[in-house]
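User: Please take a close look at the salt bridges in this structure. I would like one connected account of the residues that form them and how exposed those residues are.

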Amino acid sequence: MSAATSTPRATSTLTSNQLHRFAPAGLLVAAAAVSAGLAAVIGFSIPLFVFLGIVIFAAALTAVSAAVEGRRKATDRLVTTLVVTAFALALIPLIAVVWSVIGNGLSAFGVDFLTTSMRNVTGLQDQQTMQDGAPLIGGAYHALVGTLIITALATAISVPIGLMTSIYLVEYGRGRLARAITFFVDVMTGIPSIVAGLFAAALFAVLFGVGTRNGFAGAVALSVLMIPVVVRSSEEMLRIVPNELREAAYALGVPKWRMIVRVVIPTAISGIASGVTLAIARVVGETAPLIVTAGFTSSINTNPFSDWMMSLPSYVYSLAMRPLSGSEPQPSLDRAWAAAFTLVIIVMLLNLIARLIAKAFAPKTGR
């Protein structure tokens, strides 16, 4: 006689003793409710509500997870909560800045703003515009042109110097000279931007006389800030080129300079181009160097070697700090916000271009 025996089904240790997938969401809702009650008793404010909610949620989730899942999983959930919270807090200033610039800059931004200058624009015209409700007269065309010219000159100065310096450090540099160059590049990376502006102003004062201000001086100041960024980014890209490619070129009898030009640089060109583009985005919004080197003007100047040249950062500073005489400050502030919005668009486009360049020039790994 055989007796039927039943064997209990084994429970997987990978799926047992786990919180329900909706448990964190439920705890978050409960923490928000408790936080709202405590904040109302203490004195309700959004920062207090958020702070109490995060603390209560983290404590509750950790306690419940420790009781159900064990100490190790509870620690993992606590660290995950802290990381996500830090990421969310880091996004708050970014979102606030972008929201403020877009919200305040769209009112004056438009085709007329980008195609007209501030020449002959007076405070009386601003007053009349406010009374009539008409669009603002005068824009940032002269500042936009100045920014593009100064940034292009700074790029033309910085890229060859930075790229050749990085090639020397990676391919040739040995001993004290290479260590000294690396040290000074690190120092230049951290210098304040106003120091670069004062250096360029002093240099041009010695060469061309005290009070010399033009777009080229501004480009020299920006190049002082760009060069270490280009050197660092290019150096890192050149170092990740496999040594096997260099050895293969040497095995074919290729001279070192030709190996660098035909093998190393093409392999690293995507990273180098991205680093250069990001360096441009780094300096395009610098204000202090251009105030002391390029100056202010309300007219269009396309000659960087003669007379003062306005840039978008200087344009924002001048209108925010010194509104047009005889007018309410609001029209000048609207123009400043619109110029800031233009700068944000330029930086976003440069970052997008950097990504496209990196993707376009990336080495093809497929057959």
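Analyst: E171 is buried in this predicted model, because its relative accessible area is 6% and the cut-off for buried is under 20%. The side chain of E171 forms a salt bridge with that of R246, with 2.8 Å from N to O. R246 is buried as well, at a relative accessible area of 8%. The two partners come from distant parts of the chain, 75 residues apart: E171 belongs to helix α6 (residues 141-172) and R246 to helix α10 (residues 243-251).

This pair belongs to a wider set, since a search of the whole structure finds 6 salt bridges. In another of them, the closest N and O atoms of R239 and E235 are 2.9 Å apart. Here both residues sit in helix α9, 4 residues apart, or about one turn of the helix. E235 is buried, with a relative accessible area of 5%, whereas R239 is partly exposed at 45%. R239 and E235 are also part of a network of salt bridges that includes D186 and R232.

A further salt bridge joins R282 to E286, where the closest N and O atoms are 2.4 Å apart. R282 is partly exposed, with a relative accessible area of 35%, while E286 counts as buried at 14%. E286 also appears in the lining of the largest cavity, along with residues including T147, I150 and L222. That cavity has a volume of about 30 Å³. Its lining is made up of 5 nonpolar, 3 polar and 1 charged residues, and helix α6 supplies the largest share, 3 residues.

Note on methods: Residues are numbered from 1 along each chain as its sequence is written. This is a predicted model: local features need pLDDT of at least 70, side-chain atom pairs count only at pLDDT 80 or more; totals for chains, interfaces and linings use all residues. Side-chain values use heavy atoms; hydrogens and water are left out. On a 1 Å grid over the protein atoms alone, a cavity is a set of points where a 1.4 Å probe fits but cannot get out, and a pocket is an open set with protein on both sides within 12 Å along at least five of seven lines; lining residues have an atom within 4 Å of a point. Grid points are joined across faces, edges and corners, and a volume is the space filled by probe spheres set on the points. Helices (H or I, at least four residues) and strands (E, at least two) are DSSP runs, numbered from the N terminus. Ala, Val, Leu, Ile, Met, Phe, Trp, Tyr, Cys and Pro count as nonpolar, Asp, Glu, Lys and Arg as charged, and the others, Gly among them, as polar. A salt bridge is a side-chain nitrogen of Lys or Arg within 4 Å of a carboxyl oxygen of Asp or Glu. Buried means under 20% relative accessible area, exposed over 50%, partly exposed in between (1.4 Å probe, protein chains only).
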